[in-house]
Amino acid sequence: MSRGLRAAGRESVAALRRRRGDVIRLLAWSVPESAPAMFSGLVVARAVDEGFLRGRPATGFAWLGLLLIAAVLGAWGARQANRAVAGVVEPFRDDLVTRVVTASLGAATRTGSGGVPPGAVAGLTQQVETVRDAFAGLVLVSRGFVVTVLAALVGTASLAAPLLVVLAPPLLVGLGLFAVALRLGVRWQREYLAAGERLADRAAAAAAAARDVAACRAGERAAGYVDEAVAAQARAEAALARLSALRSLTVVVAGWLPLVAVLAAAGRLTGHGISTGALIGVLTYLAQVLVPALDLFVATVGNAGLRFVVTLGRLLHRAAAPEPGAPRPDTAAPGPAARLELHGVTFRYGAGARPVLRDTDLTVGPGDHLAVVGPSGAGKSTLAGLLCGTLQPDEGTVRYGGVPVADLDPAARARCRVLIPQEAYVFPGTVRENLRYLNPGAADTDLLSAAERLGAGPLLKRLGGPPAYVRPGELSAGERQLLTLVRAYLAPAPVAVLDEATCHLDPAAEEVVERVFAARGPLVVIAHRISSAERASRVLLLDPDGPLLGDHESLRAASPRYREMTGYWASLSSEPTGPACSLDGVGPAPRAHLGGDPAEAVADRGR
């Protein structure tokens, strides 16, 4: 907690020092801005003592007219101060964006994950703007609070200096109470943000696994998984509500308590040399200057200040360079001819759910071209996640080149496999930056050669080549997929996993992509067209009654479900329905008899 406050303080001071000229202008414009606070009580005191109490209302109104001049002067100063704040805040925001973007892209390059680390997009679109807005509010309000309180205290001293002894103690006690509340609030705000992110992550995970959850009848388990995060966020919000009560107590002690004390002592004060006008002027400073300024300061620092400290701390942690350290001896990446192996793998979404995969063995080695097919919810994307190490099995092991995936760090995993999901990610930047995302050392000739092989040459030419700036919104879904496929092809990882990564390409373009990737190295295709299964050297059918592994022809002979999926209804000699035939959404089919059949059952020792 204290580290977060110190880090936020260091960043704030550094930002102010870098813009010293703008800070000086801001402070200079604070002088005319404070005119209403400085003169309000004094003018009221003179209007009462020299005008209204002496029966000269014209004099009283003349004095009050000075408040209008002070208000105009204050408005002019506030306008110029707001302009000066922009000169401090905007460079701070730009510097923070640069650091977070650089760190996010650097982390993705180091891990070879094919995407920005989790939370980076939210960090740029929401958290950076939160920090920027909070910093601007803190600079304006904190400066205004200090200037206003000093003006009120100076005005009070000019009217009735002995009253400072009455005002100062509760003001200091209230500010001390607020400092304690602020330290507690930093912890509660951090817990609130963490709870919100945890809820978003769990809800997204449950939504992404909806088909597998439905297939495994794990709805209650998935709901409980999300409900835990909902309850945690509710507790965090309750803690922030307690912080609001502490802030209100601060305003009462520091602002309203001195006002009550002055009113209680009014009779004695007017009998000891303090005029009625001076007393009213002091009350004006308290009620019209000090209390509103204190209320605004407490509310802003208690809300925007906490968001600033916590959110900036998270962004600084994300932007920090990774600490150097000796790698674990078991994290060395396997060699270029890496093998992906599943040994006795069981995976389920929740302890009580039906397994998506049960006691499954599978090997993907050099020269392999494996197509994975099955109805919706059968676990195809789950298998891809297990192969790539983004999901961990409940039982069994996943190995890369004989090394358990659990013993490999993200960078080592990235050197073994590259996953291309259906949702193609292209970021605003040059074509070169997008294509070199997983291989920063690739030359432009490598980029162009890979693009030509995958059929993306015309696209790169239309965009303007590697130096051209690309905006994702101006590309079609198929064009984005082509760019991500070129990026993956250039990755150093030998094994490629295409999780419906060509669903927006036409069948001819898809064939080119799959053949080029198969020639590159081991390839796993989560298939959505029959043609992908026909091209593969092996086909894995994920059937609710048990997986089957074989080639296209052997599975046609062995599995009624596979025949149904591929469009062979009448007999084994019928022609396929065409290369665009979908492999998803097929109804139930009876289990094939495997005795003496060329199809090979994946080891299912748990059955």
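## Starting with a charged pair

R132 is partly exposed, with 24% of relative accessible area. Its salt-bridge partner is D133, and the closest N and O atoms of the two are 2.9 Å apart. D133 counts as partly exposed too, at 43% relative accessibility. Keep in mind as you look around that this is a predicted model.

How many salt bridges does the structure hold? The count is 14. The idea behind them is simple: side chains of opposite charge can pair when their charged atoms come close.

## Two more salt bridges

Now find helix α3, which covers residues 35-50. Both E50 and R46 sit there, 4 residues apart, or about one turn of the helix. They form a salt bridge, with 3.9 Å between the closest N and O atoms. That still passes, because the cut-off for a salt bridge is within 4 Å. E50 is partly exposed at 28% relative accessibility, and R46 is partly exposed, also listed at 28%.

The next pair is E510 and R535, whose side chains meet in a salt bridge at 3.6 Å, N to O. This one links distant parts of the chain: E510 belongs to helix α17 and R535 to helix α18 (residues 530-535), 25 residues apart. Are these two buried or exposed? E510 is buried, with a relative accessible area of 0%, and R535 counts as buried at 16%. There is a bit more to the story here, since salt bridges with shared partners join E510, E514, R529 and R535 into one network.

## The whole protein

Time to zoom out. The protein has 607 residues, and 48% of them count as buried. Its secondary structure comes to 20 helices and 13 strands.

How far along the chain do contacts reach? Take the contacts between residues at least 6 apart in sequence: 76% of them join residues at least 24 apart. As for the outside, the accessible surface comes to about 27700 Å², and carbon and sulfur atoms account for 60% of that.

## Cavities inside

What is the volume of the largest cavity? It comes to about 50 Å³. The count of cavities of 30 Å³ or more is 2.

If you want to find the largest cavity, look for its lining: V149, A152, L153, T156, L167, Y285, L286 and L290. Two elements give two or more residues to that lining, namely α5 (120-160) and α10 (276-319). The largest share comes from α5, with 4 residues.

## Two leucines in helices

L249 is found in helix α8, which spans residues 219-264. Together with V252 and W256, L249 makes a nonpolar surface patch of about 270 Å². L249 itself is partly exposed, with a relative accessible area of 40%. That value fits a patch member, because patches are made of residues with over 30% relative accessible area and no salt bridge.

L73 lies in another part of the chain, in helix α4 (residues 57-111). L73 is partly exposed, with a relative accessible area of 35%. Which residues does L73 touch, not counting those up to four places away in sequence? The answer is P32 and A35. You can also check L73 against E33: the two are 40 residues apart in sequence, yet 6.6 Å apart in space, C-alpha to C-alpha.

## Two backbone oddities

Most residues other than glycine have a negative phi. Against that background, D359 is worth a look: its phi is near 45°, a positive value in a residue other than glycine. D359 lies in strand β2, residues 357-364, and is buried, with a relative accessible area of 14%.

E500 has a positive phi as well, near 55°. Where does E500 lie? E500 is in the loop between β9 (495-499) and α17 (507-520). E500 is buried, with a relative accessible area of 11%. So E500 counts as buried because its value falls under the 20% cut-off for that word.

Notes. Residues are numbered from 1 along each chain as its sequence is written. This is a predicted model: local features need pLDDT of at least 70, side-chain atom pairs count only at pLDDT 80 or more; totals for chains, interfaces and linings use all residues. Side-chain values use heavy atoms; hydrogens and water are left out. Patches are made of residues with over 30% relative accessible area and no salt bridge: like charges are joined within 9 Å, nonpolar side chains (Val, Leu, Ile, Met, Phe, Trp, Tyr) within 5 Å. Accessible areas come from the Shrake-Rupley method with a 1.4 Å probe; for residues, only the protein chains shown count as cover. Buried means under 20% relative accessible area, exposed over 50%, partly exposed in between (1.4 Å probe, protein chains only). Contact means heavy atoms within 4.5 Å. On a 1 Å grid over the protein atoms alone, a cavity is a set of points where a 1.4 Å probe fits but cannot get out, and a pocket is an open set with protein on both sides within 12 Å along at least five of seven lines; lining residues have an atom within 4 Å of a point. Grid points are joined across faces, edges and corners, and a volume is the space filled by probe spheres set on the points.
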